[in-house]
Amino acid sequence: MFKARNLIRENIASLLPYSSARDEFSGIDGIFLDANENPFGEWNRYPDPHQKELKKKLSQLKTITSKKIFIGNGSDEIIDLALRIFCNPNQDKALTFSPTYGMYDVSAAINSVKLIKAPLTSNFQIDLNLFEERLKDDELKLIFICSPNNPTGNNIDITVIEKILTKFKGIVIIDEAYIDFSDAPSWLSVLNQFPNLVVSQTFSKAWGLAAARVGVCYASEEIIEIFNRVKPPYNVSSLNQKAAINALENYEIFQKNIQIIKEEREKLKIELIKIDFVLKTYPSEANFLLIKVTNANQVYNQLVNQRIITRNRATIVTNCLRISIGSPSENIQLLQALKKIEI
Ligand SMILES: *Cc1c(COP(=O)(O)O)cnc(C)c1O
């Protein structure tokens with residue numbers, strides 16, 4: 001039987017977590033003289049280390065118990081914690097499928113964990129035959145799958161992910177930062193079927209809260225309990241918890257904005273392909289489009305000269321730019337600027 005406990009680092013297994021003042025007394029009524037807080041001011045109290053209200057709202061939205069929810073200081077904290085929990089530095093390995101999100105690489109390097117990069121196919125899918133042997137490597141502890149993938153925009157095939165979840169004895173993190181822009185269902189719906197699955201989401205994209213740094217992951221109670229032990233006690237500030245709660249209370253705004261962004265994505269796609277130096281627009285289930293042009297550096301620079309900043313991804317996907325979907329008027333300005341480009 002799968003036990004996450006058997007996969008975690010020895011120092012994490014034997015860790016005695018920090019016990020905060022709010023852990024030792026969790027009531028809300030009284031005169032609080034236990035945390036060396038300043039009695040004056042509006043933001044003078046430490047935040048709820050367990051983010052109870054936020055988790056309660058999320059648990060209602062996602063119909064999942066709070067015990068299977070972890071809140072991080074952005075998904076970036078979740079990526080870092082996963083590496084620190086499951087991978088021994090200078091010994092264990094993690095695996096990603098490139099091209100993908102750059103933070104897996106950076107975070108692995110910071111933690112001195114070797115990262116294997118398995119290349120995606122030409123249509124940005126996983127070819128299991130290429131690395132199936134690697135799944136048997138005892139030192140491989142973590143696999144990151146980004147779906148919809150950044151910067152390519154596509155979802156990874158469900159059947160391939162299922163095979164990885166079944167065959168791999170370590171932890172599989174599915175990064176769903178862009179899932180709300182996709183028509184595909186979240187892997188959250190099958191969380192109970194895979195004890196080694198961690199589903200990572202964020203308030204930074206569809207919820208419009210990149211400034212607040214709130215990441216969420218969902219996994220078995222056993223895995224979430226380990227994340228909770230390792231995180232800094234006050235990892236998510238009160239202001240950020242409030243911002244996320246506020247967004248959840250305005251669900252209609254969230255839905256409306258997603259709808260606009262998805263419509264804009266499809267409109268933009270149709271217009272982009274009409275431009276003669278645009279060779280290809282890749283299918284996207286996210287809030288950005290990856291496009292192939294005849295000369296990415298030139299297009300990028302000429303857009304910058306017109307005050308429009310895109311992401312030049314030419315170093316990781318030949319002659320490709322990644323363009324975030326802006327507001328309707330921003331997208332019109334983008335198209336106007338593109339029409340002025342001379343190559
Ligand atoms: C933007 C993005 C995130 C979000 O990270 P935060 O730290 O939550 O802002 C996570 N994963 C991927 C693949 C992303 O592109």
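# Reading strands, helices and burial

Q: To begin with a single pair, which residue in β3 is the bridge partner of T96?

A: Strands of a sheet pair through backbone hydrogen bonds, either parallel or antiparallel. In this structure, which is a predicted model, T96 has K117 as its bridge partner in β3. A further pair is formed by F97, which stands opposite A118 in β3.

Q: How many bridges join strand β2 to β3, and do the two run parallel or antiparallel?

A: Strand β2 (residues 93-98) is joined to β3 by six bridges, and the two run parallel. As to its surroundings, β2 is mostly covered, with five of its six residues buried.

Q: What is the strand order of the open sheet of seven strands?

A: The order is β1-β7-β6-β5-β4-β2-β3, and the pairing is mixed. The edges are formed by β1 (69-72) and β3 (114-119), each of which pairs on one side only. From one strand to the next, the twist averages 25°.

Q: Which strands does α7 lie across?

A: Helix α7 lies across β1, β5 (171-175), β6 (197-202) and β7 (215-218). Its direction runs at about 30° to β1.

Q: Within α7, is I226 buried or exposed?

A: A residue counts as buried when its relative accessible area is under 20%. I226, which lies in helix α7 (residues 221-230), has 4% relative accessibility and therefore counts as buried. Leaving aside neighbours within four places in sequence, I226 is in contact with A4, I8, I12 and I85. By contrast, the C-alpha atoms of I226 and A337 are 50 Å apart in space, with the two residues 111 apart in sequence.

Q: Where is Q125 found, and why does Q125 count as buried?

A: Q125 is found in the loop between β3 and β4 (140-146). Its relative accessible area is 16%, so Q125 is buried. Not counting residues up to four places away in sequence, Q125 touches L120, N154, N155, I156 and D157. For D157, the separation from Q125 is 32 residues in sequence and 6.9 Å in space, C-alpha to C-alpha.

Q: What is the order of the open sheet of four strands?

A: The order is β8-β9-β11-β10, with antiparallel pairing. Here the edge strands are β8 (278-281) and β10 (311-312), and each pairs on one side only. Strand β9 (residues 288-293) and strand β11 (residues 320-324) run antiparallel and are joined by five bridges. Opposite L289 stands I323 in β11. Helix α10 (residues 296-305) packs on this sheet and touches β9, β10 and β11. The direction of α10 makes about 35° with that of β11.

Q: Turning to pairs of helices, how should the packing of α3 and α8 be described?

A: Two packed helices are described by the angle between their axes and the distance between the axes. The axes of helix α3 (residues 52-62) and helix α8 (residues 238-249) come within 9 Å and cross at roughly 30°. That angle makes α3 roughly parallel to α8, since angles under 35 degrees count as roughly parallel. The crossing in which α3 passes α8 is left-handed. On the α3 side the contact is made by E53, L54, K57, L58 and L61, and on the α8 side by Q241, A244, I245, L248 and E249. By class, this contact of α3 with α8 has six nonpolar, one polar and three charged residues.

Q: At roughly what angle do the axes of α4 and α5 cross?

A: The axes of helix α4 (residues 75-86) and helix α5 (residues 103-110) cross at roughly 45° and come within 9 Å. The two helices, α4 and α5, are therefore oblique to each other. In this pair, α4 passes α5 in a right-handed crossing.

Q: Which residues of α4 and α5 meet?

A: D76, I79, D80 and L83 of α4 meet M103, Y104, S107 and A108 of α5. The residues of this contact of α4 with α5 divide into five nonpolar, one polar and two charged.

Note on methods:
Residues are numbered from 1 along each chain as its sequence is written. This is a predicted model: local features need pLDDT of at least 70, side-chain atom pairs count only at pLDDT 80 or more; totals for chains, interfaces and linings use all residues. Side-chain values use heavy atoms; hydrogens and water are left out. Buried means under 20% relative accessible area, exposed over 50%, partly exposed in between (1.4 Å probe, protein chains only). Contact means heavy atoms within 4.5 Å. Axes are lines fitted to C-alpha atoms, for helices over the stretch in contact, and angles run from 0 to 180 degrees between N-to-C directions. Angles under 35 degrees count as roughly parallel, over 145 as roughly antiparallel, 65 to 115 as roughly perpendicular and the rest as oblique. A crossing is left-handed if the near helix is turned anticlockwise from the far one by less than a right angle, and right-handed if clockwise. Ala, Val, Leu, Ile, Met, Phe, Trp, Tyr, Cys and Pro count as nonpolar, Asp, Glu, Lys and Arg as charged, and the others, Gly among them, as polar. Two strands pair if DSSP finds at least two bridges between them.
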